[in-house]
Amino acid sequence: MSMTPDDVFAALMTRDPAEKCAAARALHAADSAPLAKASGEPEDVVVPGRPDAPALVHPAKLSKRGLGKPEGRAALIHAIAHIEFNAINLGLDAAYRFRDMPADFYADWLRVAADESRHFELLNNRLADYGFTYGDFDAHNGLWEMAVKTAHDVMIRMALVPRVLEARGLDVTPGMIERLRQAGDAETVAIFEIILEEEVPHVEIGTRWFRYCAEPRGLDPDTTFTRLLDEYMNGGPPGPYNFPARREAKFSEDELDWLATRHSKSG
């Protein structure tokens with residue numbers, strides 16, 4: 001089947017996680033090319049489809065648990081599952097919200113949404129092994145808050161969501177993998193390794209479309225990226241950074257040099 005923005009919107013607003021995952025995969029399998037010719041204004045989405053739980057709290061109020069105990073490992077798995085659930089919505093929202101983009105843009109973001117749905121299910125199944133499910137721990141809403149802030153401009157969305165917030169996973173996941181390995185949780189390590197490998201092309205998609213949007217506006221992508229970090233995110237998250245993964249995700253050498261300098265100053 002072919003699709004309309006309304007089909008993507010329906011998936012975005014689906015609240016049940018299992019139904020949302022199935023809808024994301026169905027959209028990825030369908031013909032998304034008609035989205036490139038869609039007209040009309042998208043709806044504002046302040047709150048996308050999500051279940052009643054988890055409760056969303058300020059990041060400072062999230063409890064810290066060590067990975068030496070099963071509940072601590074479950075809390076970490078839940079935190080990443082929440083990120084992946086948000087990432088499904090982010091992929092769907094990009095495909096729904098931004099009009100007049102090439103057909104490949106919509107295919108890319110629906111593929112991301114389908115990948116993130118698989119990541120979420122892997123993590124939620126692993127949570128079940130620990131006796132928990134998605135919603136059993138509190139979470140924060142930082143990813144979607146940035147989606148709302150960037151809903152007005154596809155270039156800014158591409159710069160700050162995949163290339164900053166999702167790229168943060170490239171930086172921190174190797175450390176989490178090592179800590180889980182030390183805790184003897186080989187099953188979760190295997191899932192995190194899959195996610196790390198598959199998130200690199202997701203960030204690269206953001207890089208590619210950010211540059212696609214910046215250059216016709218006469219903007220230098222590298223300097224525009226750092227300007228947006230300052231404008232929207234107080235310079236963005238601090239290091240350390242996973243330079244090999246970011247290079248694979250097509251960060252430019254100038255951007256990597258800027259990050260390296262910034263990390264050395266913050267360190």
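User: Which helix gives the most to the lining of the largest cavity?

Analyst: Helix 10 does, with 3 residues. Please keep in mind that this is a predicted model. Helix 10 (253-266) is listed with helix 6 (154-182) and helix 8 (221-233) as the elements that give two or more residues to that lining.

User: What makes a space a cavity, and how many cavities of 30 Å³ or more are there?

Analyst: A space is called a cavity because a 1.4 Å probe fits in it but cannot get out. By this rule there are 3 cavities of 30 Å³ or more. The largest cavity holds about 60 Å³ of space, and 60 is above the cut-off of 30, so the largest cavity belongs in the count.

User: Which residues lie nearest the centre of the largest cavity?

Analyst: Those are L229, P237, Y241, R246 and L259, out of 13 lining residues. Sorted by class, the lining has 8 nonpolar, 2 polar and 3 charged residues. Tyr counts as nonpolar and Arg as charged.

User: What about the largest pocket: how much space lies in it?

Analyst: About 1,200 Å³ of space lies there. The pocket is lined by 39 residues, and L76, A79, I80, I83 and H140 are the closest to its centre. Helix 3, helix 5 (142-149), helix 6 and helix 7 (186-214) each give two or more residues to the lining. Helix 3 supplies the largest share, 11 residues. By class, the pocket lining has 20 nonpolar, 9 polar and 10 charged residues.

User: What makes this space a pocket and not a cavity?

Analyst: The word pocket is used because the set of points is open, whereas a probe in a cavity cannot get out.

User: Why are helix 3 and helix 6 called roughly antiparallel?

Analyst: Helix 3 (residues 70-97) and helix 6 pack at an angle of about 160°, with their axes 12 Å apart. Angles over 145 degrees count as roughly antiparallel, and 160 is over 145, so helix 3 and helix 6 earn that name. Helix 3 passes helix 6 in a left-handed crossing.

User: How do you know which residues make the contact of helix 3 and helix 6?

Analyst: Contact means heavy atoms within 4.5 Å. On the helix 3 side the contact is made by R73, L76, I80, L90, D93, A94 and R97. On the helix 6 side it is made by R157, M158, V161, E166, M176 and L180. This contact has 8 nonpolar, no polar and 5 charged residues. L76 and I80 of this contact also appear among the residues closest to the centre of the largest pocket.

User: Why are helix 3 and helix 4 roughly antiparallel to each other?

Analyst: The axes of helix 3 and helix 4 (residues 103-129) come within 8 Å and cross at roughly 160°. That angle is over 145 degrees, so helix 3 and helix 4 count as roughly antiparallel. Their crossing is left-handed, and their contact has 18 nonpolar, 4 polar and 3 charged residues.

User: What makes helix 1 roughly antiparallel to helix 2?

Analyst: The axes of helix 1 (residues 5-12) and helix 2 (residues 17-29) come within 9 Å and cross at roughly 155°. Once more the value lies over 145 degrees, so helix 1 is roughly antiparallel to helix 2. Helix 1 and helix 2 cross in a left-handed way. D7, V8, A11 and L12 of helix 1 meet K20, A23 and L27 of helix 2. The contact has 5 nonpolar, no polar and 2 charged residues; Asp and Lys count as charged, so D7 and K20 are the charged ones.

Conventions. Residues are numbered from 1 along each chain as its sequence is written. This is a predicted model: local features need pLDDT of at least 70, side-chain atom pairs count only at pLDDT 80 or more; totals for chains, interfaces and linings use all residues. Side-chain values use heavy atoms; hydrogens and water are left out. Axes are lines fitted to C-alpha atoms, for helices over the stretch in contact, and angles run from 0 to 180 degrees between N-to-C directions. Helices (H or I, at least four residues) and strands (E, at least two) are DSSP runs, numbered from the N terminus. Angles under 35 degrees count as roughly parallel, over 145 as roughly antiparallel, 65 to 115 as roughly perpendicular and the rest as oblique. A crossing is left-handed if the near helix is turned anticlockwise from the far one by less than a right angle, and right-handed if clockwise. On a 1 Å grid over the protein atoms alone, a cavity is a set of points where a 1.4 Å probe fits but cannot get out, and a pocket is an open set with protein on both sides within 12 Å along at least five of seven lines; lining residues have an atom within 4 Å of a point.
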